[in-house]
Amino acid sequence: MMKKIILPVLILFIHVVSFAGVQDSIGVTKLNNKLHVQYMVSPGETIYGISTKYGVSLTDLFDINPELENGLKVGQVVNIPYNPSAMAKTSQSAASKPNAQVYKVQPGDTYYGIAKKYNTSVEQLLKMNNMDLKAGQEIVVGYNNTTTTATNPDTKTTTTPTAVNPTTNTATTKTPTTTTTTTPTKSPETPPATVESNQPALTSVSNFAPPFNDMGTPYTYDSSRKQILVVPFDPYLYFSDADDEIAGKSNMQRTKVREVFRKRLNTLLKAPGYETIHLLGGSNSDSLTDLNKIYSSVSYNYQAAINNPNSIEAKQAQTSAATSTTTAKKGNWMKNTVGSITGSQEPVSQYNTPADNGKYFGVSVKNPDFFKYFDEKYSIDYYIFINQFEVKTNYENCLDRAALNYERTFTVHYSIFDKTGKQIAGDKFKVHYNSNNCYVYQIASDNVPKMAQKIINQLPPPNAK
């Protein structure tokens, strides 16, 4: 009996010891028979940063920590799935990446005063923080790279000894891969020393401001086709009053319902004639990191709709209008009642679009490095942002309450930008769904393809210049 008790305790002790080296972890717990790291949230952190840091998708974090739906709080403990390879990568890269210098804003502070104090520019501070100053908040004022000699006496650095050649009177310093020779200056100061680091170097580091200062692995693209980058909606921007009912009928967790819609719409946004880059479930190794970079670099607000006059849909409407005009002249014209375009003709539309002239929930890119970064990395021609996804049930006009046959509306808000950052389209699209079907996969199959096609048709034809 004693052996049976000791063995599980010993196994747990080994796991706790193994987690001791994981950066910022405060312990380990077992959830659903799987080990998880317990991580305590620090000031200034975001859910996107934690997701990137530990190589865990937002979906997995929300599934394990449902309370994150209400936002992230300082001191909150987040359970993170234990992934040995991801944890090792996080620990190894921590020493080779720059550490942020944080300043606590005081009453009366201005960006100009802080910039002058820390020998930087207002523009750089805005790039690093993108926020209004408030007393008590913490902002980033610069970055200290751990691979350079620090002036702070409390900072630990590793240096290699410098030897002086008596014949040439030069100081030489050896590193693991190269030998650097430097001529000492006349100043009595100590000759510069090269700091060694046993950590692997980043694949590619750019001159962009955070969060784009780590370029990652460049994408190998097909130069013969135009590229589209698809950005799925942020899990925080999904609103539904039907998920409890749908989850119960579909025999899944509530958070999984959202992910079905998110993944299905993301997958279907594949425009013929274009090469589509998906950051959700994509083959690129930097997908998760880049997706979180996007979410932390944009903001959302209500905007007036923009329809692309050079879109596939506009071209189809022009062709349809011309055909209708020709047919009318022959006396065989028949008026269509679905869809409309400017003018007296009304061609057939493949969308049952409800009348709604309100504004849509649009995206604004607040980081000046955004478009340049993704253009250099992926050679992007167009960006499709899915900004918000809504599921709304009309309980007042219940078609059959006993059979749970309700009228539901599915709404997607989207924006499309070109490679220069110019917005060429943006709107919301609604699909009415009258059904008692509460199986999420059937619901997605009946509604999401219409949404995807509507968005794709706002792109220019792939052969357009």
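Ser379 lies in the loop between helix 11 (370-378) and strand 14 (382-394), where helices (H or I, at least four residues) and strands (E, at least two) are DSSP runs numbered from the N terminus. This is a predicted model, in which local features need pLDDT of at least 70, side-chain atom pairs count only at pLDDT 80 or more, and totals for chains, interfaces and linings use all residues. Residues are numbered from 1 along each chain as its sequence is written, and side-chain values use heavy atoms, with hydrogens and water left out.

**Backbone features in loops**
- Ser379 has a positive phi of about 55° although it is not a glycine, and with a relative accessible area of 18% Ser379 is buried (under 20% relative accessible area, against over 50% for exposed and in between for partly exposed, with a 1.4 Å probe and protein chains only).
- Asn119, in the loop between helix 5 (111-117) and helix 6 (122-129), also is not a glycine and has a positive phi of about 55°, but Asn119 counts as exposed at 74% relative accessibility.
- The peptide bond from Pro210 to Pro211 is cis, with omega near 5°, and Pro211 is found in the loop between strand 8 (179-182) and strand 9 (226-231).

**Helix 2**
- In helix 2 (residues 47-54), the buried residues are Ile47, Tyr48, Ile50, Ser51 and Tyr54.
- Seen down the axis, these buried residues fall within an arc of 165° (taken from the directions from the helix axis to the C-beta atoms), so they line one face of helix 2.
- Just after helix 2, Gly55 takes a positive phi of about 60°.
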